[in-house]
Amino acid sequence: MKLLKELMIFTALFCKAHPLSSMDYAELREYEKTSLVMTGSPLSAPLKNQIIAGKMNKDQLIRQLLKSDPFIKKMALFWSSRMGMSAAVRPWTMMKKGATQTAFYYLSESKSGIPNINLHRKTEPTAAFIRNSIEAMKNYQGYLSVDQKTCNVSIKDQDGNQKTSQMIWLTSPDFVTDKEDLDRIIKTGEYRKGTPSKIDPGLYKELKDLLMKIDPSCDQIELTSKASPYYAKEIPNEIRIATFLAKDTICGKNGDKCWSKRAVFPTLQASDLMEDSTMEPGYIIAKTIADQSPFEDILTTTKTILTGRYAYYLQHWQPFWDNYPDGKYQENTEARWIHPSWEDSSLFWVERGPQEAGVLTTMAWSFLTNGRRAKANKAYETFACRSFTVPEGAVPDPSDANPDLRERQYCSYCHRTLEPMAAFFNRWPATGRVNHEFYRDQDINDTGEFRGQRGKGVRAFAEILSKTEDFKNCSIQHAFNFVYGRGMGKSEADVYLPKYREIYESTHSRLDEVIRSMLLDKLFTESQEAKNTTQTDNAGDL
């Protein structure tokens with residue numbers, strides 16, 4: 001009786017809810033495994049219902065998932081791992097031109113036209129200088145600083161109850177170097193002790209009033225009397241408060257953790273921006289696959305992938321453009337680029353310029369690789385699946401001090417190939433901390449050589465590399481690693497690599513077709529349960 005009852009429960013739960021008329025549970029599990037491998041998640045209910053109803057076969061499922069956002073995200077994460085993206089890129093680092101200069105200081109003096117007022121110098125600034133700075137600051141529409149201040153303020157939550165909220169506020173300390181000096185000048189009328197100020201006290205008072213609005217102290221922030229919260233429809237459970245310069249202040253539903261979007265980079269959304277910038281190379285690769293484009297485009301495309309928030313950052317921080325071969329992006333039709341929104345996390349292509357080279361001229365690639373040799377070597381390892389080695393038994397000769405590493409005996413095993421490759425990257429620093437800067441000097445020679453072919457600049461290197469046999473085989477091996485979570489064994493390579501190469505070449509380098517074939521192969525069908533991971537990486541395998 002007990003057994004019959006259990007059987008009836010099983011029938012009610014599974015047979016009626018899932019009337020598998022044309023397949024058994026083993027087949028459905030195969031579809032689930034495919035979804036896990038491709039997206040990191042089980043089948044969605046709508047897809048599962050279509051499969052059970054016989055309206056979608058495995059090939060159709062694969063084709064649909066290859067275009068899905070979860071697949072793009074998982075594939076981008078996979079490639080980010082393969083490239084060695086172990087730390088997030090910090091985009092505002094690209095604004096810094098020296099160890100002692102902050103992003104704000106460089107922006108204000110070099111780009112925005114807002115002079116820095118240093119009241120700690122022996123010589124008092126002129127009235128014209130201070131007036132120019134005040135007017136420039138009043139009219140400036142960009143971000144002024146990447147610093148922040150935290151204050152406890154009182155606001156009303158969504159239900160009208162008074163709450164004490166922690167607000168993160170914009171500060172701009174470098175606009176006036178020493179605010180204590182400003183207070184002293186206004187109070188005493190002396191620029192230095194015993195030296196009367198030559199400036200009208202009213203001008204210093206005007207400067208002080210402006211600073212109170214730009215960088216108020218916590219006791220000057222009176223949200224309950226200065227502004228009324230309103231609720232942003234596009235951001236669920238959040239409140240916006242308009243006060244002072246923080247026109248896009250955000251608070252949580254319960255009035256906690258308010259923050260100013262004008263001080264956004266070191267605050268709550270900084271991680272989103274760093275993810276977008278760090279994932280840019282991976283997104284280029286994943287979208288190339290999803291869009292059914294030739295896979296060699298990952299190195300040769302003049303476009304890149306952005307989100308709305310990443311585009312917003314690029315549009316507002318103009319010094320950024322000096323770090324790209326073509327300078328400012330040349331996109332002129334994509335609305336999400338022309339009018340970006342910080343709340344937009346969707347992915348879209350934008351045109352950069354004719355000198356760009358896919359992954360190799362992204363911000364993240366520059367940060368990942370420390371110097372010209374590192375850029376060439378990382379490309380060689382990642383996209384040709386090759387590494388530089390010395391013959392077994394070779395030992396360095398301490399007396400060999402030839403400065404040309406291509407001629408020094410022990411070093412020549414690697415550098416006779418690496419040095420001509422690194423020459424393609426001669427417009428980036430040889431090595432060092434600032435590894436993203438791009439040099440535009442006309443006398444720089446960036447002509448390099450790889451596999452017997454010569455060309456000028458990183459784009460030429462990308463064109464040569466993407467046509468090699470190594471690039472084709474390596475791309476297929478990476479795809480195999482994505483599908484199986486391990487490298488391709490030698491016996492498997494002997495059997496399957498020629499087959500996948502034929503598919504790759506007959507479809508004009510479409511890696512999506514190679515992946516589809518792998519997922520339909522008997523090898524995949526009979527393999528052990530695939531791992532449900534968002535990053536499938538076996539560093540020692542290919």
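How many salt bridges does a search of the whole structure find? In this predicted model, the search returns 34 salt bridges. Three of these pairs and one network are described below, after an outline of the chain.

The protein chain contains 23 helices and 12 strands. Of its 542 residues, 51% are buried. The surface that the protein chain exposes comes to about 26,100 Å², and carbon and sulfur atoms account for 49% of that area. Contacts between residues at least 6 apart in sequence were also examined; in 67% of them, the residues joined are at least 24 apart.

One salt bridge is formed within helix 2, which spans residues 25–39. Here the side chains of K33 and E30 meet, with an N to O distance of 3.8 Å. The two residues are three positions apart, about one turn of the helix. Both K33 and E30 are buried.

A second pair has a related arrangement in helix 19, which covers residues 457–466. The side chains of R459 and E463 form a salt bridge there, at 3.3 Å from N to O. Because R459 and E463 are four residues apart in this helix, about one helical turn separates them. R459 has a relative accessibility of 22% and therefore counts as partly exposed. E463, with a relative accessible area of 33%, is partly exposed as well.

The side chains of K208 and D183 also meet in a salt bridge, with 2.5 Å from N to O. This pair links distant parts of the chain, as K208 lies in helix 9 (residues 201–214) and D183 in helix 8 (residues 179–188). The two residues are 25 positions apart in sequence. Where do K208 and D183 fall on the scale of accessibility, buried, partly exposed or exposed? Residues count as buried under 20% relative accessible area and as exposed over 50%, with partly exposed in between. K208 is at 25% relative accessibility, so this residue is partly exposed. D183 is at 36%, so D183 is also partly exposed.

Salt bridges also join into a network in this model. Which residues are linked in this network? The members are D59, R63, R510, D512, E513 and R516.

In summary, K33 and E30 form a salt bridge within helix 2, and R459 and E463 form another within helix 19. The salt bridge of K208 and D183 instead connects helix 9 with helix 8.

Note on methods
Residues are numbered from 1 along each chain as its sequence is written. This is a predicted model: local features need pLDDT of at least 70, side-chain atom pairs count only at pLDDT 80 or more; totals for chains, interfaces and linings use all residues. Side-chain values use heavy atoms; hydrogens and water are left out. Buried means under 20% relative accessible area, exposed over 50%, partly exposed in between (1.4 Å probe, protein chains only). Contact means heavy atoms within 4.5 Å. Accessible areas come from the Shrake-Rupley method with a 1.4 Å probe; for residues, only the protein chains shown count as cover. A salt bridge is a side-chain nitrogen of Lys or Arg within 4 Å of a carboxyl oxygen of Asp or Glu.
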